[in-house]
Amino acid sequence: MLNFDWLSGISQEMAKNIFLALFVLIAVLVLMIPNEYAYEGVEKEDRHWWNNLKIWSIFVLSILFFIYYIF
Amino acid sequence: MLAGIDYFVVIAYIVGMLLLGLYFKKFVSSSDDYFLAGKSLPFWAIGMSIVVSDIGALDFVGVSGQAYRYGISVGNFDWIGSVPAMLLAAFIFIPYFWRGGMYTIPEYLGRRYNPTVRTIASATWIIFFALDLGVLFWSSAVLLNILLGWSIWTSILITAGVVGLYTYFGGITAVIMTDVVQMIIMFVGGFALVYLSMDAVGGWENMVEKITNMGPEYRSHFHIIQPSDTTSPFPWTGILFGLTFVMANAYMIGNQAIVQRCLTAKNEWHAKASMIFASGLKMLIPIVVLFPGLMAVVVHPGLLDGDQALPMMIKTILPPGLVGLMFAAFFAGLMSSVDSLLNSTATLFTKDIYEPYIKKGADDKHYLKVGQVTTLTLLVIGVATAPISSDFPGIYVAIQTFMSFFQGPLFAILLLGIFWKRTTPYGGLSALVIGIASAILLNVFKANFFTIEDPFLYISWWSFLVGFIVNVVVSLMTKPHTAEHLKGLVFDSKIITSSKNK
């Protein structure tokens, strides 16, 4: 049990899909964060799409998804 | 040994770092400046500092060596083993620590649980960091001894002198700003090696074809997901449960050296942004440290010791000048690790041990002086204990193993502490003690419990689970803190939604 042998039936391909699904889930959670919270600390007049931290996070997660999809 | 222009590059780097670090002395006039840079730093500097502190010269060699042996699956540590945890830290944990005006992670644990949990957590970090210092001094001395021909003790004293001087006077501002330059040097040196190595192996596709045709043991070199029954230390089950769910979070959320950097941010946006920016930079780390190991499989096949992969590639691929830059990058990795340990340990000692137990309520200048004296004392301890590495070559691995015992239970109490109001001081304390004990037990009897080569990922998961369950069970049987006590310490969705009203 400690070796996770109860998961040995899961193929490498399926395991990869689990990882990809995890990235999508994290991205959905990030998108659910209110914009105001992502901008907290930035003056209202200085808020632009490029300092929206949700966009930064989605960008990083997209690259991560791409790496795991390729390899 | 280096000569000519390479020698000049390494010396110029050492002198440059000393001068740059000392420049930041003028910004230190209080303990807040010394430990938190007066909460004034921008996200990009903190993000770069997080990345360079996370990767040391020993990791450069070690990761390349593992990539040589096991392939691209080693990249899991910088990809899935960092990014999700850094996003969780950025959006949930860091805002709590930053808003609470905290200096240390144990300080949070002390407020959330009780002073005993704070002291145990802090003392563990202090012992670990202090032991690590000696190992790092020895490693840098060996490097300088080989490169420049300096004796071991001259090399140790020069490293301690340079890093010690700017950390003593400039505090965390000097540490972070020198890290910025160190990261640039590390990336320039690393990418130069990868670019030239790619040429030597005839391009990416050619390299993939050559390696996969080398035999059955190389077929999975380009599979990032390894089967659960692999004999390598990286089965996907270990990567998912041990690394992604536990170790990564424990490192990015519970490691004083990492989190303290975010607490120096000038506002909450910069604190969050620093972690997310660092997660983007972390994606590039495997290119710098892992790819040279993979390319070495083609250029230098059949190496008995995979850790020779990187030094061999540097020796055969890089031209004069870039060899010096690459070794400056190695040295940058070592220096950034040493300065982080010095400043973080000084912060832990001053804030978690000295202030509560030795002298409460002293004026701020006194605590600034204590922080500086602690830095100096740690330097002396580090220098004095450095030769231990020579007598016990396995000490670095032993220290890392010791820390892995601590990671799972620490994350269990942090996670429950912030997300579950019912968690009690006794729950946290017993989870920490029993969780660490279970990790030690699993490690001692690992041959009986596990089938893979090095089950550290599994051990961290199971010790986390033990800590989690013990915390829940003991908490349900003991008296919780009052709602008033927990204000600002436990997650409340209002922290996110209240921003709408501002």
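**Exercise 1. Check whether the span of helix α16 (residues 322-358) of chain B agrees with its 37 residues.**

Solution. Start with the rule: at 1.5 Å a residue, the 37 residues of α16 should span 54 Å. (The rule multiplies 1.5 Å by one less than the number of residues.) Next, take the end C-alpha atoms, which sit 50 Å apart in chain B. That agrees with the expected span. Keep in mind that we're working on a predicted model here.

Now look along the helix: α16(B) has a kink of about 35°, centred on Thr350(B). As for its surroundings, 32 of the 37 residues of α16(B) are buried, so the helix is mostly covered, given that buried means 20 or more other C-beta atoms within 10 Å.

**Exercise 2. Work out which helix gives the most to the side of domain 1 of chain B that touches domain 2 of chain B.**

Solution. First, get the domains: the assignment for chain B puts domain 1 at 4-391 and domain 2 at 397-494. Their C-alpha centres lie 25 Å apart. Then look at the contacts, where 35 residues of domain 1 meet 27 residues of domain 2. On the domain 1 side, α5, α6, α7 and α10 of chain B each supply at least two residues. The winner is α10(B), with 13 residues. Sorted by class, that side has 22 nonpolar, 10 polar and 3 charged residues.

**Exercise 3. Compare the radius of gyration of chain A with that of a compact globule of 71 residues.**

Solution. The globule would come out near 11 Å, but chain A has 17 Å. Now check the C-alpha trace of chain A: it spans about 55 × 25 × 15 Å along its principal axes. Chain A holds 3 helices and 0 strands, and 23% of its 71 residues are buried.

Technical notes: Residues numbered from 1 in each chain as written. Chains lettered and ligands numbered in written order. Predicted model: local features only at pLDDT ≥ 70, side-chain atom pairs only at ≥ 80, totals over all residues. Domains from an automatic or database assignment. Contact = placed C-beta atoms within 7 Å. Helix = DSSP H or I, 4+ residues; strand = E, 2+ residues; numbered from the N terminus. Nonpolar A, V, L, I, M, F, W, Y, C, P; charged D, E, K, R; others polar. Bend = angle between axes of the 7 residues up to and from the residue. Buried ≥ 20, exposed ≤ 12 C-beta atoms within 10 Å, placed from the backbone. Rg over C-alpha atoms; globule rule 2.2 N^0.38 Å.
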